[in-house]
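Hi,

Here is the structure I promised to pass on to you. Have a look at it first, and then read on for what turned up when I went through it.

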Amino acid sequence: VCIDLPGMGISNRVSFDYRLFDIHNSEKYFISKIKYVMDLLDIKKANFVSHSFGGYITGLFAINYSHMIESIILISPVGVTSCYMEIISSKSEDRIQKLMYFLGYPPSKA
C-alpha cells in the first residue's frame, strides 16, 4: 500500500484555514491520514518505507502508534540530521531523532 499524503505527490492540496493549524495540529492531521488508511484496510501492523516529509510524518506516527509499527525505513527524512548532539535535545522538534536514538539507530549511524 502506498499512501500519498494530502497535498504531496499527485494528490490534491487540501483547502483549510491555515490560521487554525499550528505545527502540532498539522502533524496530527497527517498522522491521522495514515491511521485512517490502516484502519480502513484493517491493517494492524505494518512495515514502513518513507521518504522526505513522509519520513518525518512516519516517525511521528511511530511515536503515537508504536503498536502498529513492524519496522521503519526512512529515506532522507525531513528533520533528521547527522548531528548526534541534536538527539539529546529537549526540543519538541527533535522527537524523530529521539525515537531513532531510543530504538538504537542514531541518525549519525543510519
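Among the contacts between residues at least 6 apart in sequence, 51% join residues at least 24 apart. Please keep in mind that this is a predicted model.

Two pairs give you a feel for such separations. Leu60 and Glu27 are 33 residues apart in sequence, yet their C-alpha atoms are 7.7 Å apart in space. Asp4 and Lys33 are 29 residues apart along the chain, with 9.5 Å from C-alpha to C-alpha. Leu60 is found in helix H2, and it counts as buried because its relative accessibility is 2%. Asp4 has its place in the segment before H1. With 31% relative accessibility, Asp4 counts as partly exposed. Leaving aside neighbours within four places in sequence, Asp4 is in contact with Gly9, Ile10 and Ser11.

Now the overall layout. The chain holds 3 helices and 2 strands, and read along the sequence they follow the pattern α-β-α-β-α. Of its 110 residues, 31% count as buried. The accessible surface of the chain comes to about 7500 Å², and 57% of that belongs to carbon and sulfur atoms.

Next, the interior. Which residues touch the most other members of the largest nonpolar core? They are Ile34, Met38, Phe48, Ile57 and Phe61, out of 15 residues in that core. H1, strand S1 (46-51) and helix H2 (53-64) each supply at least two residues of this core. As background, nonpolar side chains in soluble globular proteins tend to be buried together. Phe48 is a good residue to click on if you want to look around the core. Not counting residues up to four places away in sequence, Phe48 touches Ile34, Met38, Thr58, Phe61, Met68, Ile69, Ser71, Ile72 and Ile73.

There is some nonpolar material on the outside too. Val1, Ile3, Tyr36, Leu40 and Leu41 form a nonpolar patch on the surface, and together they have about 550 Å² of accessible area. One member of the patch, Leu40, is found in helix H1. Leu40 counts as exposed because its relative accessible area is 58%, and the cut-off for exposed is over 50%.

On to the charged side chains. How many salt bridges does a search of the whole structure find? The search gives 2.

In one of them, Asp39 pairs with Lys35, and the closest N and O atoms are 2.7 Å apart. Both Asp39 and Lys35 lie in helix H1 (residues 23-40), where they are 4 residues apart, about one turn of the helix. The side chains of Lys35 and Asp39 also register as a polar contact, at 2.7 Å. Is Asp39 buried, exposed or partly exposed? Asp39 counts as partly exposed, because its relative accessibility is 44%, which lies between the 20% and 50% cut-offs. As for Lys35, if you set aside residues up to four places away in sequence, it touches Phe61, Tyr65 and Met68.

The other salt bridge joins the side chains of Asp42 and Lys44, again with 2.7 Å from N to O. Asp42 and Lys44 are both exposed. For Asp42, the relative accessible area is 51%.

Finally, a couple of backbone details that you may want to check in your own viewer. Asp42 appears here again: its phi is positive, about 55°, although Asp42 is not a glycine. Asp42 is found in the loop between H1 and S1. Ser52 has a positive phi of about 55° as well, and Ser52 is not a glycine either. Where does Ser52 sit? Ser52 is found in the loop between S1 and H2. Ser52 is partly exposed, with a relative accessible area of 26%.

If you open the model with a short list in hand, I would go to Phe48 for the core contacts, to Lys35 and Asp39 for the salt bridge in H1, and to Asp42, which combines a salt bridge with Lys44 and a positive phi.

Happy browsing, and all the best!

Notes
Residues are numbered from 1 along each chain as its sequence is written. This is a predicted model: local features need pLDDT of at least 70, side-chain atom pairs count only at pLDDT 80 or more; totals for chains, interfaces and linings use all residues. Side-chain values use heavy atoms; hydrogens and water are left out. A salt bridge is a side-chain nitrogen of Lys or Arg within 4 Å of a carboxyl oxygen of Asp or Glu. Buried means under 20% relative accessible area, exposed over 50%, partly exposed in between (1.4 Å probe, protein chains only). Patches are made of residues with over 30% relative accessible area and no salt bridge: like charges are joined within 9 Å, nonpolar side chains (Val, Leu, Ile, Met, Phe, Trp, Tyr) within 5 Å. Accessible areas come from the Shrake-Rupley method with a 1.4 Å probe; for residues, only the protein chains shown count as cover. A polar contact is a pair of N or O atoms within 3.5 Å; within protein, one must be able to donate a hydrogen and the other to accept it, and residues adjacent in sequence count only if both atoms are side-chain atoms. Contact means heavy atoms within 4.5 Å. A nonpolar core is a set of buried Ala, Val, Leu, Ile, Met, Phe, Trp, Tyr and Cys residues joined through side-chain atoms within 4.5 Å.
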